[in-house]
Amino acid sequence: MSDPSMTAPDAARPIVREAAAFDAAALHRQLAAHQSASTARSLGQLASSFLPFLALCATMYGTLAVSYGLTLVLAVPAAGFLVRIFIIQHDCGHGAFFRSRAANTWVGRLCSIATLTPYANWRRQHAGHHANWNNLDHQASGSDIYSACLTTADYRRLRPVPRLLHRLLRHPAIALVVLPPLVFLLLYRVPFDTPAHWRRERRSVHATNLVLATLVVGLGLVAGFGAVALVQLPIMVLAAIAGVWLFSVQHRFEDAHWFTQGDWSATAAALRGTSYLRLPAILQWFTGNIGFHHVHHLNPRIPNYRLAACHAQNVDLQHVPTLSLRDALKASTYCLWDEAQQRMVRFGDCPRPAAAADATR
């Protein structure tokens, strides 16, 4: 079904179908056929992620005496494997990586030590994201500025200082470069935005910190604390930036649709509010197929290694907002939802409060 609002320059862009054009029940039945985890494939993915990651880390310690430039070069693929480990953790959090709940929990905890992420706390907060993504009336709070989106009207109603702060925190240099490492290195160490009654989740923060402190002290005593910082920090910084960017661009981009509660449904939000991020094959492998984000939101129980096949075998899934790598690199500038135009806009496209008031006179 073509979109009559498409202009000639947009003719080559993928057609986005309205959710109403789908038999949602049939679509979900088709997706359910892909959600069975394969123990062999999961174990293979663990091996192909952790073993190269650990080997690269060991090699980086060895190169410190040769050239720190070489150490930093090796930090790039090491960060790629760490992103892949986070995708495994993510699958475990959804109960998708193994059929066994216990196996998902323990492997998720193992991955979370490498990613510096308190597993139980992250899992519950991420479940909240999956309950309300791209919903203007139910948005994440606390440290997560990546699952939220103000309308242009709400942005204009902000007082000058909060408006400036809102815009500053979402500047790509801040939101996608400065903040991600701080989230993983510092904010995840304190359950400051975890409700008091989430006792298990709060304990997971402290337990993760204890394990991490033990590992850092052990490594520091063997290799030297300076060496630990010189090796582990670049890996974590690069992985955090890449991972947060991946998450952000798949919910806030030019063609993303945001809904009010009355119009929101899981199917519509998955097909119109998330994207298919079409990455080069090597990046798709390192990112665990998370670019098929629309499929993941339609059925989070599908393991990452089945997402590509699911997308390929269901034609309806191919008519969704699609981003190339170039599109994705520009997507971070779209931060506001314009309800009048029903599209995402940049801060520069939003009239200043005074100008908006003059336009209504």
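A strand, as the word is used here, is a DSSP run of E with at least two residues, numbered from the N terminus. In this predicted model, Thr322 is found in such an element, strand β3, which covers residues 322-323. Thr322 has a relative accessible area of 14%, and because buried means under 20%, this residue counts as buried. The side chain of Thr322 also makes a polar contact, reaching the backbone oxygen of Val320 at 3.0 Å.

From this strand the reader may turn to the aromatic rings, for which a search of the whole structure finds eleven pairs. One of them joins Phe86 and Trp122, whose ring centres are 5.6 Å apart and whose planes stand at 75°, an arrangement that is edge-to-face. Phe86 belongs to helix α3 (residues 68-93) and Trp122 to helix α5 (residues 119-132), so this pair ties together parts that are 36 residues apart in sequence. Trp122 has a relative accessible area of 9% and is therefore buried.

Another pair, formed by Tyr276 and Phe292, is stacked, because the ring centres lie 4.9 Å apart with the planes at 15°, and planes under 30 degrees apart count as stacked. Since Tyr276 lies in strand β2 (residues 276-277) and Phe292 in the loop between α12 (281-286) and α13 (293-298), the pair ties together parts that are 16 residues apart in sequence. Tyr276 and Phe292 are both buried.

Returning to Phe86 and Trp122, one finds that ring pairs link these two residues with Phe184 and Tyr188 into a cluster. Aromatic rings also meet charged side chains in this model: Arg84 lies over the face of Trp285, at 3.7 Å from the ring centre, while Arg109 lies over the face of Trp106, at 4.6 Å from the ring centre.

The remaining topic is enclosed space. Rolling a probe the size of a water molecule over the atoms shows where empty space is left. The count comes to three cavities of 30 Å³ or more, and the largest cavity holds about 60 Å³ of space. Twelve residues line this largest cavity, and the closest to its centre are Asn121, Leu187, Tyr188, Val190 and Asp193. Tyr188 thus appears in two settings, as a member of the aromatic cluster and as a lining residue of the largest cavity. By character, the lining of the largest cavity divides into seven nonpolar residues, four polar residues and one charged residue.

Methods
Residues numbered from 1 in each chain as written. Predicted model: local features only at pLDDT ≥ 70, side-chain atom pairs only at ≥ 80, totals over all residues. Heavy atoms only, no water. Phe/Tyr/Trp six-rings, centres within 6.5 Å; stacked < 30°, edge-to-face > 60°. Helix = DSSP H or I, 4+ residues; strand = E, 2+ residues; numbered from the N terminus. Buried < 20%, exposed > 50% of the residue type's maximum accessible area, 1.4 Å probe, protein only. Lys NZ or Arg CZ within 6 Å of the ring centre and 35° of its normal. Polar contact = N/O pair within 3.5 Å; in protein donor to acceptor, adjacent residues only side chain to side chain. 1 Å grid on protein atoms, 1.4 Å probe; cavity = no way out; pocket = protein on both sides within 12 Å on 5 of 7 lines; lining within 4 Å. Points joined across faces, edges and corners; volume = space filled by probe spheres on them. Nonpolar A, V, L, I, M, F, W, Y, C, P; charged D, E, K, R; others polar.
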